[in-house]
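Trainee: I've got the sequence and the model open side by side. Can we go through them together, one question at a time?

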Amino acid sequence: MTQKPLQNCGKCGFCLNACPVYKILKEEPVSPRAKLQLIKAYGNHKLASSHLLKDIISKCLMCGSCTANCPSGIDHYSAFMEMRKKMVKAHGETPAIKAVIYLLAREYRLKFGAGLAKAGQKLVPKSFSKTYKLGNIPLKNFPELNLIPFREAVDTVIFPQKKQAGTIVYFTGCATNYLYDDTGFSVIGILKHLGYKIIIPGDQGCCSIPLLFHGEKDLAFKNIISNINALKTHDADTILVDCSTCGEALKNEYPRLMEKNDRNHPAACAISSKVMDIITFIDQHFDHLEFDPGFKKKLSVTYHAPCHTRNTFQSHIIFENLLQKLEFVNYKRTSDAEECCGGGGTFFYEYPWISKKMTDKKIKNAKAVQASLWLTDCPVCRMNLAGNLNAKDNLKVMHPATLVHTALKTI
Ligand code: SF4
Ligand code: SF4
């Protein structure tokens, strides 16, 4: 559906029950439709800028569920991003968010910051990390950063060991590069198993979604153009993402943001047409995957469908079907598998009391189905869910690619 401007909102309210923030707070001003009206009033100079207005606009996970459920085809995303930009310009950001933005804006800064954080993780006394939280996540529950960044631990080009099935460009995102290299190694393992040549451009950087969501469109542009240049030079069948939020950026945001940029728009569209998330990829290649017959463990698995997996790729349904096809999986669906976990980029940090309510509900339901593995294909969801579990919950959170890779026959 062609997306329409916010003036087309018919105030039907379909977006209310799709909005995770509204469902917790039950306050009309934070609902998607009210946000649109506030943005309209601000644009028409009928409403002045204020900290309260910034707070209302920021009480949003940028999950895209309002857009996905709007019968009028409103483009909430663009409206929210533009408004966030204006609010940040007028009222600034907290020092912590400013620091995150500063680091994400340039890859060399992010690498330096990750190195410092890694050292910090070793030096911080256990008593401190047991006591303090970052947002709703206790410091002791944060994952250890990768020993070395994933993209430095692997070759830029990995050739297949059997007849080449095709060429894949792998956009790893920041999380796999600095935080969850197990996801990256699993993706490579699956691609090698299938016989693909893998290209991991060394000059890729943050997809820029965090910058865009914090109103830093200008900073994001430089990153985006650099990513477009890094990706367009390779002749590949598919550009693969292991994080559906990176996928949202490459698939939808890059072409939209480059619309008026004649030089980069064609390349952004070409990239968009090749983007695929790892779940869809696994599903499309399922018949060629050879599972290890010795992998007989029957695992109790549940799944959390991240917002961008649902709203950008709709691959959550594919994955749930796939889980039921895996002989070593006993899939135990939770009633709220498709509900937001409250992670939402930095939302878990900015609005911990709202986020915690969403996360606790998810955890309660995952425990109720007595699963031992909780799969999710978004690194922030993984960090948020795992970060709020206790050891006695006996639940391990993992990327779906890792489960699939673990069960494959060694080639
Ligand atoms: S679903 Fe769309 S048209 Fe209906 S109130 Fe929400 S934004 Fe407006
Ligand atoms: S993007 Fe998500 S959290 Fe934000 S208003 Fe829309 S549904 Fe609510």
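**Around the ligands**

Mentor: Sure, and keep in mind that this is a predicted model. Let's start with ligand 2: it has 14 residues around it, and those that come nearest are Cys19, Pro32, Cys60, Cys63 and Cys66.

Trainee: Which elements give two or more residues to the shell around ligand 2?

Mentor: Look for helices that put at least two residues into that shell. You'll find α1 at 20–25, α2 at 32–43 and α4 at 65–68. So to speak, the names to write down are α1, α2 and α4.

Trainee: And how many residues of that shell are nonpolar?

Mentor: Cysteine and proline are both counted as nonpolar here. The shell around ligand 2 has 3 polar residues and 1 charged residue. The nonpolar ones number 10.

Trainee: What about ligand 1, which residues come nearest there?

Mentor: Ligand 1 has 13 residues around it. By class, they split into 8 nonpolar, 3 polar and 2 charged. The ones that come nearest are Cys9, Cys12, Cys15, Arg33 and Cys70.

**Helices against helices**

Trainee: Now α2 and α5: are they parallel, perpendicular or oblique to each other?

Mentor: Their axes come within 11 Å and cross at roughly 55 degrees. An angle from 35 up to 65 degrees is neither roughly parallel nor roughly perpendicular. That makes α2, relative to α5, oblique.

Trainee: Which residues of α5 does α2 meet?

Mentor: On the α2 side, you have Pro32, Lys35, Leu36 and Ile39. By class, this contact holds 6 nonpolar, 1 polar and 1 charged residues. The partners in α5 are His76, Ala79, Phe80 and Met83.

Trainee: Helix α5 also packs on α3, right? At what angle?

Mentor: Here α3 covers residues 51–58 and α5 covers 76–91. Their axes are 10 Å apart, and the crossing is left-handed. The angle is about 145 degrees.

Trainee: Which residues of α3 make that contact?

Mentor: From α5 come Phe80, Met83, Arg84, Met87 and His91. The contact divides into 5 nonpolar, 2 polar and 2 charged residues. On the α3 side, look at His51, Leu53, Lys54 and Ile57.

Trainee: Further along the chain, how do α14 and α15 run relative to each other, parallel or antiparallel?

Mentor: Helix α14 spans 244–257 and α15 spans 265–274, and their axes come within 8 Å. They cross at roughly 160 degrees, and over 145 is the cut-off that matters. That makes the pair roughly antiparallel.

Trainee: Is that crossing left-handed or right-handed?

Mentor: To find the spot, look where Leu250, Lys251, Tyr254 and Pro255 in α14 meet His265, Ala268, Cys269, Ile271 and Ser272 in α15. The residues there divide into 6 nonpolar, 2 polar and 1 charged. The crossing is left-handed.

**Domains**

Trainee: Last one: what separates the centres of domain 1 and domain 3?

Mentor: The domain assignment puts domain 1 at 6–91 and domain 3 at 150–283. Their contact takes 6 residues from domain 1 and 5 residues from domain 3. Taken over C-alpha atoms, the separation of the centres is 29 Å.

Technical notes: Residues are numbered from 1 along each chain as its sequence is written. Chains are lettered from A and ligands numbered from 1 in the order in which they are written. This is a predicted model: local features need pLDDT of at least 70, side-chain atom pairs count only at pLDDT 80 or more; totals for chains, interfaces and linings use all residues. A residue is near a molecule or strand if its C-beta atom, placed from the backbone, lies within 6 Å of it. Axes are lines fitted to C-alpha atoms, for helices over the stretch in contact, and angles run from 0 to 180 degrees between N-to-C directions. Helices (H or I, at least four residues) and strands (E, at least two) are DSSP runs, numbered from the N terminus. Angles under 35 degrees count as roughly parallel, over 145 as roughly antiparallel, 65 to 115 as roughly perpendicular and the rest as oblique. A crossing is left-handed if the near helix is turned anticlockwise from the far one by less than a right angle, and right-handed if clockwise. Two residues are in contact if their C-beta atoms, placed from the backbone, lie within 7 Å. Domain bounds come from an automatic or database domain assignment.
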